[in-house]
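Open the model in a viewer and keep the selection tool at hand. The tour below goes from stop to stop, saying what to select and what is there.

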Amino acid sequence: MGKPTGFLEYQRLSEAYAPVEQRLKHYKEFVDHLSDDEAAKQGARCMDCGVPFCNSGCPVNNIIPDWNDLVYRGAWKEAIEVLHSTNNFPDFTGRICPAPCEAACTLNINTEAVGIKSIEHAIIDKAWENGWVKPQPAAVKTGKKVAVVGSGPAGLAAAQQLARVGHDVTVFEKSSRIGGLLRYGIPDFKMEKSHIDRRVEQMQAEGVSFRTKVCVGAKPAATGINDDAVEVISAEQLKSEFDAVILAAGSEVPRDLPVPGRELSGIHFALELLVPQNKEVAGDDKNPISATGKHVIVIGGGDTGSDCVGTSNRHGAKSVTQFEVMPEPPKEENRPLTWPYWPIKMRTSSSHEEGCSREFAVSTKEFIGENGKVKALRTVELEWKDGKPSEVAGSERELPADLVLFAMGFTNPVASLLEAFGVDKDGRGNAKATTDGEGCYATNVAKVFAAGDVRRGQSLVVWAIREGRQAAREVDNFLMGSTVLPR
């Protein structure tokens, strides 16, 4: 805990954002981490609650009260050691995690939660600034070889854990750079990619090998999926050359909206905008899609939709409207009912604050075109009753739309990858692997494991890190008969 009376003396303090008119001019991060004094006061607010529900609310089970207390006492180096003991990449989660730990904070029952995410952000930034983040190469090599397919947060976490206990790890990535959708799906204004680059350098110093532009199995046929591969490696080759294989390729197949007019140009999956934009910021390629001067409609109300909003505003869109099929959530949750679980409530992102009209309980009926290009869409309002929607009679209308972006989530991983290995799928098309009992994360195929979104379906970066760490433990135990890696 922090200061015994800290939660009574200090208020929650949010991180400072650069003004909208400034940050819309670039793609750099615009959130300033807390100062040492501000972070210490937030740490002081961590109360002696007895049972720290924040620990269980956090998917990687961060030991939050401990590093809150250490920051309060100014013991920053010890704080990063505690933080790294459960989380390989707090530089990622401290920026883009929605912080389910804060929803579970005991203070959140009747007041504002401790700013846990902002403290985490401050800890890892200070650690990098002071050179405390160093490679941790294994003292002894095991001679075992592990292939990791996919370089998102699950694959990176698994690779780092396995390298640190002495295995030779090779990460295969079909894109031109490491990071998966962590790099290509998340705009730089939310997380600059230098954070990934320095982690890759750390992991290379720990013995991890990275191979980019390599597709494992067959090249994906689905649209909306980034693929820079110039080389294809068969599943059989990986299984013959490596002692274990971890599939951590994420869930990339986007949900479509097959309504009349879908074939018109100007209608794209979200990643068809976001991936090239990240490549353009990196200096690789020019984005072929432009929102400049256009009426943009974003269909989907989640984080990916928010990223489309922020990117469209930086392009200079004429207007940006975001649709959500679900009804508008309450502005405040019913805390006695929902705590310590993640509540449904209105969430306004920094991108929304930059300029966006949000509409709820709206369904798109048709795309209207002119000369083969989308010019408008026809919508209808929905009424939700007992969890089921029905159209409101007489509510149809047309809205101008020069660019339509689908941000309705992802249905499953690329099927060709799982089929190449012969991995069984669950009812949603994900790799079938349990997380209970013996053989956690193991698929039906010998020595092939699955972790992250490829197994659980689309989820959070912090869940991917958790699964990568846990899968690494299971693989190490499989290879060596025992393991010292934590869950």
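Is Asp 386 buried or exposed? Select Asp 386: this residue is exposed, with a relative accessible area of 73%. The model is a predicted one. Asp 386 sits in the loop between strand S15 (373-385) and strand S16 (388-391). Its backbone has a positive phi of about 55 degrees, although Asp 386 is not a glycine.

**Two more backbone stops**

Go next to Lys 213, another non-glycine residue with a positive phi, here of about 55 degrees. Lys 213 belongs to the loop between strand S5 (209-211) and strand S6 (214-216). Its relative accessibility is 35%, so Lys 213 counts as partly exposed, the class between under 20% for buried and over 50% for exposed.

Now select Trp 339 and Pro 340 and display the peptide bond that joins them: this bond is cis, with omega about 5 degrees. Pro 340 is part of the loop between helix H16 (335-338) and helix H17 (350-353).

**The nonpolar cores**

Select Trp 67, Ile 123 and Ile 246. In the largest nonpolar core, which has 71 residues, these three touch the most other members. Helix H20 (residues 461-480) gives this core its largest share, eight residues. At least three residues of the core come from each of domain 1 (5-130) and domain 2 (145-253 + 410-480).

Center on Trp 67 and show its surroundings. Leaving out residues up to four places away in sequence, Trp 67 touches Asn 62, Ala 79, Val 82, Leu 83, Ile 116, Ile 119, Glu 120 and Ile 123. A second core, separate from the one above, has 20 residues, including Ala 147, Ala 235, Val 245 and Val 445. Such grouping has a general background: in soluble globular proteins, nonpolar side chains tend to be buried together.

**Leu 238 and its surroundings**

Which residues is Leu 238 in contact with, beyond its neighbours within four places in sequence? Select Leu 238, which lies in helix H13, and display what surrounds it. The contacts are Ala 147, Val 149, Phe 172, Val 216, Ile 233, Val 245 and Phe 421. Leu 238 has a relative accessible area of 1%, so it counts as buried, the cut-off being under 20%. For a distance check, pick Leu 264 as well: Leu 238 and Leu 264 are 26 residues apart in sequence, and their C-alpha atoms are 41 Å apart in space.

**Aromatic pairs**

The structure holds seven aromatic pairs. Take Phe 172 and Phe 242, an edge-to-face pair with 6.0 Å centre to centre and 85 degrees between the planes. Phe 172 is in strand S4 (residues 168-172), while Phe 242 is in the loop between helix H13 (235-241) and strand S8 (244-247), so the pair ties together parts 70 residues apart in sequence. Both Phe 172 and Phe 242 are buried.

Move on to Phe 269 and Phe 406, a pair that is edge-to-face, at 6.0 Å centre to centre with 70 degrees between the planes. This pair links distant parts of the chain, with Phe 269 in strand S10 and Phe 406 in strand S18, 137 residues apart. Phe 269 and Phe 406 are both buried. Add Phe 367 to the selection: ring pairs link Phe 269, Phe 367 and Phe 406 into a cluster.

**Charges over rings**

Return to Phe 242 and add Lys 145, which lies over the face of the Phe 242 ring at 5.1 Å from its centre. Then select Phe 189 and Arg 314. The charged end of Arg 314 sits over the ring of Phe 189, 3.8 Å from the ring centre.

**Helix H14**

The last stop is helix H14 (residues 270-281), which has twelve residues. Its first and last C-alpha are 17 Å apart, close to the 16 Å expected at 1.5 Å a residue. Why is H14 largely enclosed by the rest of the structure? Nine of its twelve residues are buried, so H14 is largely enclosed. Color the buried residues: Ala 270, Leu 271, Leu 273, Leu 274, Val 275, Pro 276, Gln 277, Asn 278 and Lys 279. What covers them includes helix H11 (181-184), strand S10 (267-269), helix H15 (303-315), strand S18 (403-406) and strand S19 (410-412). Finish just after H14, at Gly 283, where phi is positive, about 85 degrees.

Notes:
Residues are numbered from 1 along each chain as its sequence is written. This is a predicted model: local features need pLDDT of at least 70, side-chain atom pairs count only at pLDDT 80 or more; totals for chains, interfaces and linings use all residues. Side-chain values use heavy atoms; hydrogens and water are left out. Helices (H or I, at least four residues) and strands (E, at least two) are DSSP runs, numbered from the N terminus. The expected span of a helix is 1.5 Å times one less than its number of residues. Buried means under 20% relative accessible area, exposed over 50%, partly exposed in between (1.4 Å probe, protein chains only). Contact means heavy atoms within 4.5 Å. A nonpolar core is a set of buried Ala, Val, Leu, Ile, Met, Phe, Trp, Tyr and Cys residues joined through side-chain atoms within 4.5 Å. Domain bounds come from an automatic or database domain assignment. Rings of Phe, Tyr and Trp (its six-membered ring) pair if their centres lie within 6.5 Å; planes under 30 degrees apart count as stacked, over 60 as edge-to-face and the rest as tilted. A charge sits over a ring if NZ of Lys or CZ of Arg is within 6 Å of the ring centre and within 35 degrees of the ring normal.
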